[in-house]
Amino acid sequence: MKFKFENITISGGVAVGKNTLLNNLKPYLSPYGWHFTSGGQILRDFTKEYVQPLANLTDEEFHLKLDKRTMDLLNKGYYVIEAWLSGFMARHLKNTLRVLLICSNEALKVDRVANRDKLTIVQAKKLIKEREEINFKEWKRIYGNYNFFNPKYYHLVIDTYSSGPLETVGKVLDALGYHSHHLPINNK
């Protein structure tokens, strides 16, 4: 099976659908030996936090180890990696389809966080603002003054406000060169 890319990164901020896309790609790509991981899960395991912890809860050395692990996996090939900065980290890799998810409707993001993390609307708004501000400040300190979500670093930018989960996975599979004859067969 030949795909246009050997990896996929899924990047974006809070509550844009990164994990949903990761999970929706699994039934299509797992049969072809693809692997799936999340930078957020690694970070949560490290900090023992339930919710995505703030970037400043870990030291610079840990961030650099996480980046190295991400690049090592991408060099192995056939990985889908979901993490805020995975696409930015892979911006020089020609074999990696870099997907940026955004959500242009702030109310929808707040609703997603409130439901996912069992928070009030006020708490969800505060969490989103705090997480994004602190994380970007920390990443700029570590990596430099980049706009990490600049579309120039990505092959696809998908607004999950106007693109539902199935449409979003379809766009990614199309960009990957996945065709309908690749669909997994259900023998039930």
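Start with the whole chain in view: of its contacts with a separation of 6 or more, 73% are between residues 24 or more positions apart, where contact means heavy atoms within 4.5 Å. What you have open is a predicted model, in which local features need pLDDT of at least 70 and side-chain atom pairs count only at pLDDT 80 or more, while totals for chains, interfaces and linings use all residues. Residues are numbered from 1 along each chain as its sequence is written, and side-chain values use heavy atoms, with hydrogens and water left out.

**Stop 1: the whole chain**

Switch to a cartoon view and you will find seven helices and five strands. Helices (H or I, at least four residues) and strands (E, at least two) are DSSP runs, numbered from the N terminus. Traced from the N terminus, the elements follow the order β-α-β-α-α-β-α-β-α-α-β-α. Of the 188 residues in the chain, 48% are buried; buried means under 20% relative accessible area, exposed over 50%, and partly exposed in between, with a 1.4 Å probe and protein chains only.

**Stop 2: A15**

Select A15, in the loop between β1 (7-11) and α1. A15 is not a glycine, yet its phi is positive, about 55°. Its relative accessibility is 8%, so A15 counts as buried.

**Stop 3: helix α5**

Now select residues 106-117, which make up helix α5. The expected span of a helix is 1.5 Å times one less than its number of residues. For the 12 residues of α5 that gives 16 Å, and the end C-alpha atoms are indeed 16 Å apart. Which residues of α5 are buried? Colour K109, V110, V113, A114 and D117 to see them. Look down the axis of α5: these buried residues fall within an arc of 130°, so they line one face of the helix. The arc is that of the directions from the helix axis to the C-beta atoms. On the face turned away from the buried side, pick out the exposed residues A107 and N115.

Next, zoom in on the N-terminal end of α5, which N105 caps: one of its side-chain oxygens lies 3.0 Å from the backbone nitrogen of A107. Then move along to D117 in the same helix α5. D117 has a relative accessible area of 12%, so it is buried. Its side chain makes a polar contact with the side chain of R116, at 3.1 Å. A polar contact is a pair of N or O atoms within 3.5 Å; within protein, one must be able to donate a hydrogen and the other to accept it, and residues adjacent in sequence count only if both atoms are side-chain atoms.

Following α5 comes K118, in the loop between α5 and α6. Its phi is near 55°, a positive value in a residue other than glycine. Is K118 buried or exposed? K118 is exposed, with a relative accessible area of 70%.

**Stop 4: helix α6**

The buried residues of α5 pack against α6 (121-143), so select that helix next. The 23 residues of α6 should span 33 Å, and its end C-alpha atoms are 32 Å apart, which agrees. Its buried residues include A124, L127, I128, R131 and E132. The buried residues of α6 pack against α3, α4 and α5. Just after α6, look for G144, with a positive phi of about 115°.

**Stop 5: the aromatic pairs**

Show the aromatic side chains: the whole structure holds 17 aromatic pairs. Rings of Phe, Tyr and Trp (its six-membered ring) pair if their centres lie within 6.5 Å; planes under 30 degrees apart count as stacked, over 60 as edge-to-face and the rest as tilted. Centre on W34 and Y78, whose ring centres are 5.2 Å apart with planes at 85°, so the pair is edge-to-face. W34 lies in the loop between α1 (18-29) and β2 (35-38), and Y78 in the loop between α3 (60-76) and β3 (79-82), so the pair ties together parts that are 44 residues apart in sequence. W34 is buried, at 3% relative accessible area, whereas Y78 is partly exposed, at 30%.

Then go to W84 and W139: their ring centres are 5.2 Å apart and their planes at 65°, so this pair is edge-to-face. W84 lies in the loop between β3 and α4 (86-89) and W139 in helix α6, so the pair ties together parts that are 55 residues apart in sequence. Both W84 and W139 are buried.

**Stop 6: the aromatic cluster**

Widen the selection to one aromatic cluster, formed by W84, F88, F136, W139, Y143, Y146, F148, F149 and Y153. Add R91, which lies over the face of F88, 3.9 Å from the ring centre. The charged end of R91 also sits over the ring of Y146, 5.2 Å from its centre. A charge sits over a ring if NZ of Lys or CZ of Arg is within 6 Å of the ring centre and within 35 degrees of the ring normal.
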